[in-house]
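Hi,

Here is the structure I promised to pass on to you. Could you have a look at it alongside my notes below?

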Amino acid sequence: MDRNLSLGNIKLELPQKKESDFVIEQINEEEEGKKEGDENKDENASNEEESNPTVENEPDFKTLSEEIDQFLASLSNPEQSNEAPKIPKLIIDKFLDLVSKKIEKYQNGDEKWVPELEDLPLLPSVDRVQCLTTYTEKFSTEPDYLAVMNQAGGILHQTMAFLEEEFQSLLLEDPHGNPNRGSSFGKSQDPDRCVLPPVSAENDGEKPKELSLPYPCDTIDRLRDIARSMISAGYITECCQVYSLARRNAFEASLLSLGYEKPSIDDVIKMAWDPLEGQTIKWIKVFKHVVTTSFPCEREIAVKVFPDENIISSGFFHNLVREVILHLLNFPEAMYMTKRSAEKLFKMLDIYDALRDSEPVIKSFFPSEEGNNIGADPNSDLKSEIASVRSHIGESAVEIFCDLERSIKADTEKTPVPGGAVHPLTRYVMNYLKYACDQYKSTLEEVFKQNHNIINCENDEKPSENGSKNSDNPFAVQLIKVMDLLNSNLEGRSKLYKDPSLNYIFLMNNGRYIVQKIKSSTEISLLIGDTWGRSRSAKVRQYYKNYQRETWSRVLDSLKNDGLMVKGSVHKPILKERFKSFNALFEEIHRTQSAWVVIDEQLKSELKVSITALVVSAYRSFKGRFEQTFTAGRQTEKYIKFSAEDLEKYIEDLFEGNQVTIARRR
């Protein structure tokens, strides 16, 4: 019989009629047997005996059920004629009365339905009641049959109402007494829960995760049996509505338990970055968990509760997947609409990866039937929506990365970095690129290839001649453009220093920093190629040489022998000027360059060793040759202020970022 949620009142037509001949004959035989008994017994006792035999011979429920089964078998016999078999009215009345009273006790709370302990098996009885309503319909023109059909239909309605409540209660109950039980998101496995193997395990080398259902095994069994009974009785609509609503509500509660607060699109667009970053992390965690853990669990629940109804279980699962995925896609779609900024790149790429990795899993939830040429794929719109949102996120990531190029061009601050240190822009850009390449190289290559025709970058400039050979890799080309632009920016900034030597220290510091970052990242090295890296290293060496020439050439000129000898003897005034010049130049270099900075310790050590070898050796030779020219004592101390060892100590003060003077040291 077809049923829907609005059952209404079932009208019972019960016409008055005599008892069946079978029952009358049985009573007459019993009365004749009593008359042949002891005639000396009291008449009242005799009358009492006549009224009690049916009580002594009262059939139990098992016997009643067997009688009902025999009657139903006679009705369902295909060889039966069109003549209606005689109805065992008393048997049916007694059976239906027992079922009705048992249901009333369950509904009123007088008894709790425990299938394992029940003396009157409820669900098999419900099946018999349902068969009575169905099989008697064929002869419903007969008054007796019509009465049984209506009576059984009323009790069936009463029973289905109870089973519907029980079905809902089981779906919502928590076996551990927790008021807000999550569904498939359970983070711990409990010993009384059904633990099932995962639907599939792709990695043979890894031990697959066990799938833990949110219901104990006995609850799953009861849910299955109730569902079978309700569907068999025609109450499929009520059963499906209760199940769908309960599991949907449990799923929403599970999202909340994971910390996902379902922000609106407007909220996301207006949100500051710090809270938005937190929401993004939560969304990725929830989305991955839903796709890889919760959905498989929900599918397993549906299959186990409706094992004989593949269309129903698939329908429940597919509707849930569709509803949840479309809802979760609101967040990345809103992220796409937010204002672009550099700090959002990596979270955008995380979202992209989550969406991309989920697509084959979600696709597996909707297997297409081979040879099905009837219409289009009903789930193609969901798949298209996921692909569309992923495409938007990829496009946004490309635009954010390209914004880095514009940001470097726009950074035209005129204040030089003190001491020629590494510029903050250099640190930011190189750390940004290193992290992007080390963590997201493949994803960035993917999104750049997908969006190479719509890259909204200023592409008028060509990559450097020493660029990567990966000209067919749009991301590698863009990466080199950014690094070339950074180098040009730094060369422009170096001109802010009035001291040419400090200009080269600045370029050396920043160039060395860039080279070291490239060497520390295998991914960047692969993208830009060896030629570009060697070119940067060569430039750093050139800055090194330029610094030495600019700083120490005049110092070394003062230690030359040229012009000191006049007519075979040392020209003392010139010698005095040479020592005075050396002293003044060295003291000035020491005073200024002790405040300069060389960040890279190896580079700083190399510089000091090189300066020592260049200057100290020349000074030691010059001093040793001409020191005897001066009169020992005050004249020597006046012009020869430093020993070779003093120079070595003072050179160690250079590039430490702390300005000191020789006078203070002495």
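A quick word on vocabulary before the notes: a helix here is a DSSP run of H or I with at least four residues, and helices are numbered from the N terminus. By that numbering, F448 sits in helix α16, which covers residues 424-450. Please keep in mind that this is a predicted model.

First, the overall picture. The protein chain contains 24 helices and four strands. It has 666 residues, of which 44% count as buried. If you take the contacts between residues at least 6 apart in sequence, 79% of them join residues at least 24 apart.

Back to F448 for a moment. With a relative accessible area of 0%, F448 is buried. Its C-alpha atom is 9.2 Å from that of Q478, and the two residues are 30 apart along the chain.

Next, a pair of helices. In general, two packed helices are described by the angle between their axes and the distance between those axes. Helix α7 (residues 143-172) and helix α8 (residues 217-232) have axes that come within 10 Å and cross at roughly 150°. Angles over 145 degrees count as roughly antiparallel, and α7 and α8 are therefore roughly antiparallel to each other. The crossing of α7 past α8 is left-handed. On the α7 side, the contact is made by M160, L163, E164, E166, F167, L170 and L171. On the α8 side, T219, R222, L223, I226, A227, S229 and M230 take part. Sorted by type, the residues of this contact are nine nonpolar, two polar and three charged.

Now to the interior. As a general point, nonpolar side chains in soluble globular proteins tend to be buried together. The largest nonpolar core in this model has 120 residues, and the members that touch the most others are W283, I325 and Y547. Which residues does Y547 contact, leaving aside its neighbours within four places in sequence? They are S501, Y504, I505, M508, W552, Q593, W596, L607, I611 and F655. A separate core of 56 residues lies apart from that one, and its members include L170, L223, C297 and I312. You will recognise two of these names from the helix pair: L170 belongs to the α7 side of the contact and L223 to the α8 side.

F655, one of the contacts of Y547, deserves a second look. F655 lies in the loop between α23 (644-651) and α24 (662-665). It has a positive phi of about 65° although it is not a glycine. For context, most residues other than glycine have a negative phi. Is F655 buried or exposed? It is buried, with a relative accessible area of 1%.

K262 also has a positive phi, near 55°, and is likewise a residue other than glycine. You will find K262 in the loop between α9 (236-257) and α10. K262 counts as partly exposed, at 38% relative accessibility.

Last, M271, in the loop between α10 (265-270) and α11 (273-305). Its relative accessible area is 22%, and since buried means under 20%, M271 counts as partly exposed. Not counting residues up to four places away in sequence, M271 touches P263, L276 and Q279. M271 and T338 are 67 residues apart in sequence, and their C-alpha atoms are 8.9 Å apart in space.

Happy browsing, and do write back with any questions.

Best wishes

Key: Residues numbered from 1 in each chain as written. Predicted model: local features only at pLDDT ≥ 70, side-chain atom pairs only at ≥ 80, totals over all residues. Heavy atoms only, no water. Axes fitted to C-alpha atoms, helices over the stretch in contact; angles between N-to-C directions. Helix = DSSP H or I, 4+ residues; strand = E, 2+ residues; numbered from the N terminus. Parallel < 35°, antiparallel > 145°, perpendicular 65-115°, else oblique. Left-handed = near helix turned anticlockwise from the far one by under 90°. Contact = heavy atoms within 4.5 Å. Nonpolar A, V, L, I, M, F, W, Y, C, P; charged D, E, K, R; others polar. Core = buried A, V, L, I, M, F, W, Y, C linked by side-chain atoms within 4.5 Å. Buried < 20%, exposed > 50% of the residue type's maximum accessible area, 1.4 Å probe, protein only.
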